Structure formats: structure tokens, C-alpha cells
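Here is a short tour of one protein model, written for someone who likes to know what sits next to what. Have a look at the chain, then read on.

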Amino acid sequence: MDGVTVIDHPLVQHKLTIMRKKETSTAGFRRLLKEISTLLCYEVTRDLELTTERIETPLQETDAPVLEGKKLVFASILRAGNGLLEGMLELVPSARVSHIGVYRDHETLQPVEYYFKAPESLHERLVIVVDPMLATGNSSIAAIDKLKERGAKNIRFLCLLAAPEGIRNFKGAHPDVPIFTAAIDSHLNEKGYIVPGLGDAGDRMYGTK
Ligand code: URA
């Protein structure tokens, strides 16, 4: 699918299957989410631009590769996005973090924004927006609207599972934002849950319900 990268690495797929199982505990779900987010982060940053820096090894001077440009921004859509953040920050500890509070009204399935905080100079940074579930797409569209209002131009969206309906909706609103996901599931049910999915990601990672 154009603009959508499915991260089909065997370790990602294996861990995702365990996360989907209803008997997986809260602790197990959280641990797997942290592990898988590290792998997803590796893939979503695969083509970052490099420059070189003159360094001195114990043997001689050499030009060695380093990331080009300003520090990355990881933008977490609360609350479930935070589950992806931890592993990603382990891989890119210098990344800046944005938090965007959006919840889904359970009646209308429309996003309601209640919090927004982002670092300066968004226009000069790659912003990787994270939310485990791309369901209707409404929350992620609203979060990216807000980031763009604040100047972000170079944005990627990273999730664990996506529904075809959400992808269509998202691409209609933000065709310039590539989507990275571990799987595209069958459909959304009448309550807006991804099927077969893994349930409510926030509830599963925090043991609420
Ligand atoms: N959010 C979730 O946590 N799970 C879904 O299936 C859809 C949205």
C-alpha cells in the first residue's frame, strides 16, 4: 500500500502475536511493547540522513558517520503512545518528546484534545508520532493537525496495528505523512476496535478496565 510500510521483521511479528493473546498479562504486554518499540524505532529511522564528523580513534583521525540535523522528536499520543516511547528513547536517548492528549469520545469516536506540549523548532526536526493503534485515525489526524499548526513539516507516524479504514482516513487527511506499522488488520468493529486486534492498548498496558 502506497505510503504504508509494514514492518514484517520476524521478531516483531512473533512479539506482536504474543501481545494479541488475551491471556498475556499486563506485565508481559508492557515488556513486549517496550521490546517491540525498540525494533519498530530501528525501522522507522532506517533512512535518516547522515553526515560525518572528524574524530580521533586510538589509532588515527577519521571521518565517521553521525546523524545529521536537529534532534528527533517523538510525539506520543496519550495515553497509549507512552507505551511505545520507552523503548524508542532507549534507542535514541537524545530525542525530544512531545505529549499530545487526545481521547476518543466513546459515543462519537471523535477526538477530544486536552493537552499539548512540544519542543521548539518543530519545523527543523523529524517528528515521529507514536500511537499503538491506528483505528479510525481520528486521534492521530487531530494530533498531526496540531503539530503542523505548530510548524512541523517532516512527520512520520508509527503504530503497532492499523485498520484499513483508519489508513484511508489518515491518508486522506495527511497524504504527506508516511505510516509505519507492524500489521494491517481486517477491519474496525462497530465500537471502533481493530479486529482481530489486541483489545484496548491502554487498558492492556496499564491494567485498567
Ligand atoms: N484503540 C485501542 O486501544 N484498540 C483498538 O482496537 C482501537 C483503538
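Beyond its neighbours within four places in sequence, Ile 128 touches Val 44, Thr 45, Leu 72, Val 73, Phe 74, Ala 75, Met 88, Arg 156 and Leu 158, where contact means heavy atoms within 4.5 Å. This is a predicted model, in which local features need pLDDT of at least 70 and side-chain atom pairs count only at pLDDT 80 or more, while totals for chains, interfaces and linings use all residues. Residues are numbered from 1 along each chain as its sequence is written, and side-chain values use heavy atoms, leaving out hydrogens and water.

Ile 128 is also among the residues with the most contacts inside the largest nonpolar core, alongside Leu 40, Phe 74, Leu 158 and Leu 160. A nonpolar core is a set of buried Ala, Val, Leu, Ile, Met, Phe, Trp, Tyr and Cys residues joined through side-chain atoms within 4.5 Å; buried means under 20% relative accessible area with a 1.4 Å probe, protein chains only. H2 gives the most to this largest core, with 7 residues. A second core is separate from it.

| Core | Size | Residues include |
|---|---|---|
| Largest | 37 residues | Leu 40, Phe 74 |
| Second | 25 residues | Ile 77, Phe 116, Ala 162, Ile 179 |

Helix H3 (residues 81-91) has Gly 81, Gly 83, Leu 84, Leu 85, Gly 87 and Met 88 buried. Their cover includes helix H2 (26-44), strand S4 (73-78) and helix H6 (201-206). Helices (H or I, at least four residues) and strands (E, at least two) are DSSP runs, numbered from the N terminus.

Across the protein, buried residues make up 47% of the 209 residues.

Methods
Buried < 20%, exposed > 50% of the residue type's maximum accessible area, 1.4 Å probe, protein only.
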